[in-house]
Amino acid sequence: MPLPSVMGTEIEYGITVQGDPDFDPISSCVLLVNAYQEVDVAKILWDYDQESPLADARGFQVEGEKYTPNQQENIARNKTLMNGSPFYVDHAHPEYSTPEVTNVRDVIAYERAGERTMEAARRAATLLLPPGQTLLIHKNNSDRKGNSYGNHENFLIARRTPFKDIVTHLTPFLVTRQIFCGSGKVGSENRATPCDYQISQRADFFETEVALDTMVKRPIINTRDEPHADREKYRRLHVIVGDSNQCEVSTYLRVGVTAIVLALIEDGAIDRDMSLVDPVRRIREISQDLTCKRTYALDRGARRTAVQVQQEYLEMALAYFSSRAVDPVTKDVLTRWESVLARLAEDPMQLDREVDWVVKQRLIRGFMERKRVDWQHPQVSMLDLQYHDVRPDKGLYHLIERRGEVDRIVTPEEVERALKVPPDDTRAYFRGECIRRYPESIFGVNWDSISFEAGDEPVKRILMNEPLKGTRRHVEQLLDDCETAAELVEALTA
Amino acid sequence: MRAINADPAMNRIWGAAAEDKTQKQRQGGGDSGDSDSEGGGQSKIAAKGEELKEDMDNLIDQIDDVLEENAEEFVKNYVQRGGE
């Protein structure tokens, strides 16, 4: 049996200050992150001691220097919110991670809470800028000038699953899944073949099949081996190849179907070799085939369209789940995946309520027709960018959503709740509740630890190496019984 | 600045936890393991097309109201650093 699922996403947003000729991304990010005021989370640092970003899943340690800021800088760049989410500065981008969750509906709820957090912080930060300047945030992945920033998905998987199996069986899936979760982009960059419009924002940036890098020579399969959990039992697969989505259906399938395929790989249920010839070249070609009709050679000799590759994975998933209990969310993801693939095979434009690259393409084509302009027109580039603007009044996705022209997966109430409270069913509950209840007594946090300072005692670090412990069911009574952090630490360590 | 206690405390929920996760042996470790179709009937295609065009016109009007002015300048100045 595969592990019960634990997953989450980390999203880097684009940032700029309109009206500032001397715009500096790093100081703007620090301003943004600190402008967001949520009670007393201001003084909690991020505990870098617990990180190992240079461990490689293929079994070696890469040489290099791990980034560790001083304490003041650390606190200025890292906030951990009461819903269990880290909100922070990553190099020159603001970033929001969802807490650890157990299902894709919660991923969407917390991602959307992240968009709302970015917007609230953006408004607050803009008030601190000189008159005439506006801080802007975009949930996109490229500036169309050769610079890309990521959306990373994380999946907890069993350490015993051979990494080779993941590389072999996940690569063809990741290369082709963009047809339902690409966010669409006008033009190409990074020396890719010129085009008017393509499916994925990120495809132009993938240059190798397997590697540890995320910033240069990006790989389709990233090998970072940093489980943030019990290293003997777990691996955290870090999927860096995806676009940030606006459409909830795109996120639903991107994360939900990837979790399903990983379960199949872990359980040895992939019964055929789906490997594509030259996946690095294929990922770019598929991104530029807006008809989704081109076929590509498989190592085993057959030719398949991207839709057909996905349909073979679907077939294996349906066979796998036909003899197993399936939870309602997984069942719904399977149904939606099947339906979306059938319509992509017929005519991708039918997905104009569900899939970002189609929604955006419809919008741009409608605009070009009405204004009699072509793909090179600056206003078309503006549409491409403004689709991702997080402002509810200016963001074009938000405009379309308000008009009721896209399908939703979660309710506004679920997003409201995700803004305020952590998920009940992972260690994020313990993290978020400790921040809410004992903000003054927390010295630092990380995914798998939380450190308390109580009186003159040395700081006590509580390690949380099992992501499915520390749930509401598990610790709510304990937290209710402890009025202070000192009592909690005492109770935990007694 | 205070150093974090070098020996993480034993705790009731997660149990004994090792500082150096790469080296310590771990005990235990039993692995725990819509299909709404588009469009109406054939006979309604013309009416549906008209309706879609109207919707699009209306959407473009709304976009005109919010689209950033000086698109050329805006797009040119939108430069990000590579991330991740």
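Let me start with Thr16(A), which is found in strand β2 of chain A, residues 14-18. Before going on, note that this is a predicted model.

Is Thr16(A) buried or exposed? Its relative accessible area is 9%, so Thr16(A) is buried, since anything under 20% counts as buried. What does Thr16(A) touch, once its neighbours within four places in sequence are left aside? Within chain A, the contacts are Phe23(A), Thr134(A), Leu135(A) and Leu136(A). Tyr78(B) and Gln80(B), from chain B, are also in contact with Thr16(A).

Now the nonpolar cores. In soluble globular proteins, nonpolar side chains tend to be buried together. Here the largest nonpolar core has 127 residues. Those with the most contacts inside this core are Leu170(A), Ile179(A), Phe180(A), Trp337(A) and Leu344(A). Which helix gives the most to the core? That is α6 of chain A, residues 248-266, with eleven residues. There is also a second, separate core of 26 residues, and Trp46(A), Tyr438(A), Ile442(A) and Leu492(A) are among them.

Back to Leu170(A) for a moment. Setting aside neighbours within four places in sequence, Leu170(A) is in contact with Asp165(A), Ile221(A) and Leu237(A), and also with Val261(A), Leu262(A) and Ile265(A).

Next, two helix pairs. Two packed helices are described by the angle between their axes and the distance between the axes.

The first pair is α4, residues 163-176, and α7, residues 279-287, both of chain A. They pack at an angle of about 20°, with their axes 9 Å apart. That makes α4(A) roughly parallel to α7(A), because angles under 35 degrees count that way. The crossing of these two, α4(A) and α7(A), is right-handed. On the α4(A) side, the residues that meet α7(A) are Thr171(A), Val175(A) and Thr176(A). On the α7(A) side they are Pro279(A), Arg282(A), Ile283(A) and Ile286(A). By class, this contact of α4(A) with α7(A) has four nonpolar, two polar and one charged residues.

The second pair is α6(A) with α8 of chain A, residues 306-322. Here the angle is about 65° and the axes are 10 Å apart, so α6(A) and α8(A) are roughly perpendicular to each other. The crossing of α6(A) and α8(A) is left-handed. From α6(A), the contact is made by Ile260(A), Val261(A), Ala263(A) and Leu264(A). From α8(A) come Tyr313(A), Met316(A), Ala317(A), Tyr320(A) and Phe321(A). How many nonpolar, polar and charged residues does this contact of α6(A) with α8(A) have? Nine are nonpolar, with no polar and no charged residues.

Terms used. Residues numbered from 1 in each chain as written. Chains lettered and ligands numbered in written order. Predicted model: local features only at pLDDT ≥ 70, side-chain atom pairs only at ≥ 80, totals over all residues. Heavy atoms only, no water. Core = buried A, V, L, I, M, F, W, Y, C linked by side-chain atoms within 4.5 Å. Buried < 20%, exposed > 50% of the residue type's maximum accessible area, 1.4 Å probe, protein only. Helix = DSSP H or I, 4+ residues; strand = E, 2+ residues; numbered from the N terminus. Contact = heavy atoms within 4.5 Å. Axes fitted to C-alpha atoms, helices over the stretch in contact; angles between N-to-C directions. Parallel < 35°, antiparallel > 145°, perpendicular 65-115°, else oblique. Left-handed = near helix turned anticlockwise from the far one by under 90°. Nonpolar A, V, L, I, M, F, W, Y, C, P; charged D, E, K, R; others polar.
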